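Open the model in your viewer and keep the selection tool at hand. The tour goes from the whole chain to single residues.

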Amino acid sequence: MTHAAEPSPPPPGGVLWTLAGDIRGLLMLPAALTLQVAHPAVGAGVDDHSVFRTDPWGRGERSLRSLQLWVYGGEAAAEEGRRLRKLHRTIQGTDTRGRSYHALTPANYAWVHATGFPVYRHASRYLVRPLTGAQERALYREWLQVGRILGIHDRDMPQTIEEFWPYYRAMLADEVEATVVVRELVATDSPVPPPDRGPRPLRLLLKALWPVLLPPLARFRGFITVGLMPPDAREAIGLDWTPEQERRLRRLGAVVRRIVPLLPERLRYLPRARAARAEWRAARGGRGGVDAPG
């Protein structure tokens, strides 16, 4: 079956092209997910229908694969967008405020996507470098393009940064809250099963060590989730953040900014991003130019 006028992924060499495939992006995802589920309807949908409690590793793997397809998937990007919309057609119920919700209601679906932009913008200041004004605008344009892949109509998303920030502030003031799922995602004592992916010897080793490994990993997850969330969102949800935690995050960011750019490409970029970068360089005759903003 053919689809006319398929939306295309954001351009190679753009801001999102670099951020989405860099391993530092993995540290940004928990903050974006938590901001998404702070919306009562989104939080209720995840609470009622997601397998994030019983299959967190599988869900994380599928979410990451999907994100990589939106940016680096070429013709497969639009197909992935259709798959996601089909997956969400049956997700509906009642949120914590007694309102009926459906996952594909434009306001709900758009919020899930919109959260990525402020999180990328804020977290890049710590882990990559602050974006210039031009890079912020480029990132927002590219994020809108990803939204089209997901089936979000232009009328349902602010089309400029100037329109985005009033929308974002209104959502923080009127909608977000510390939902059940938010509290679970930032908790340090939530039960998480050991990883069930990878070679069997590694899985067995992790299972044996999991009682020792989980507590520090859970503390780190909670730390980066809250720390890499924009401060205004953090405050709106009611998440605590101390000056000492801020200093620790800045120290962590300084180490990450120094080390990651020194890594070879096979370690710095996720597999799909790495393959897309190699293909693009080959099409350009081996020329680079895909590493901005850093």
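Helices here are DSSP runs of H or I with at least four residues, numbered from the N terminus. By that count, select residues 25-37 and you have helix α2, which holds Gln-36. Keep in mind that this is a predicted model.

**Whole chain**

Zoom out before going further. Colour by secondary structure: the protein chain has 15 helices and 2 strands. Next, look along the principal axes. The C-alpha atoms fill a box of roughly 55 × 45 × 40 Å. The radius of gyration is 19 Å, which agrees with the value near 19 Å for a compact globule of 294 residues.

Switch on the surface. About 14,900 Å² is exposed, and 58% of that comes from carbon and sulfur atoms. Of the 294 residues, 46% are buried. Now show contacts between residues at least 6 apart in sequence: 74% of them join residues at least 24 apart.

Colour by charge. There are 42 positive and 30 negative charges, and their mean positions lie 7 Å apart.

**The cores**

Hide the surface and select Leu-35, Trp-111, Tyr-120 and Leu-228. These residues have the most contacts inside the largest nonpolar core, which has 69 residues. Add residues 161-174, helix α9; its 7 residues are the largest share of this core.

Centre on Leu-228. What does Leu-228 touch, leaving aside residues up to four places away in sequence? Its partners include Leu-27, Met-28 and Ala-31. Val-119, His-122, Ala-123, Tyr-126 and Leu-127 are also among them, as is Leu-249.

Then select Ala-41, Ala-44, Ile-91 and Ala-103. They belong to a second, separate core of 5 residues.

**Gln-36**

Return to helix α2 and pick Gln-36. Is Gln-36 buried or exposed? Its relative accessibility is 18%, so Gln-36 counts as buried; the cut-off for buried is under 20%. Show its neighbours: beyond four places in sequence, Gln-36 touches Val-42, Trp-111, Val-112 and Thr-115. Trp-111 is one of the residues with the most contacts inside the largest core. Draw a distance from Gln-36 to Val-46, 10 residues apart along the chain: their C-alpha atoms are separated by 9.9 Å.

**Glu-175**

Move to the loop between α9 and α10 (180-186), where Glu-175 lies. Glu-175 is a buried residue, because its relative accessible area is 16%. Select its contacts, again leaving out residues up to four places away in sequence. On the list are Ala-38, His-39 and Pro-40, then Arg-97 and Arg-99, and finally Ala-170. Ala-170 falls within residues 161-174, the span of helix α9.

**Pro-130**

Next, select the loop between α7 (116-127) and α8 (133-149) and find Pro-130. Pro-130 is exposed, at 53% relative accessible area. The cut-off for exposed is over 50%. Which residues does Pro-130 touch, not counting those up to four places away in sequence? They are Ser-124, Arg-125 and Gln-135.

**Lys-207**

Last stop: select residues 200-227, helix α11, and pick out Lys-207. Lys-207 counts as exposed, since its relative accessibility is 58%. Add Asp-196, 11 residues away in sequence. From C-alpha to C-alpha, Lys-207 and Asp-196 are 8.7 Å apart in space.

Key
Residues numbered from 1 in each chain as written. Predicted model: local features only at pLDDT ≥ 70, side-chain atom pairs only at ≥ 80, totals over all residues. Heavy atoms only, no water. Rg over C-alpha atoms; globule rule 2.2 N^0.38 Å. Buried < 20%, exposed > 50% of the residue type's maximum accessible area, 1.4 Å probe, protein only. Contact = heavy atoms within 4.5 Å. Areas by Shrake-Rupley, 256 points an atom, 1.4 Å probe, with all protein chains shown as cover. Lys, Arg positive; Asp, Glu negative; His and termini not counted. Charge placed at Lys NZ, Arg CZ, Asp CG, Glu CD. Core = buried A, V, L, I, M, F, W, Y, C linked by side-chain atoms within 4.5 Å.
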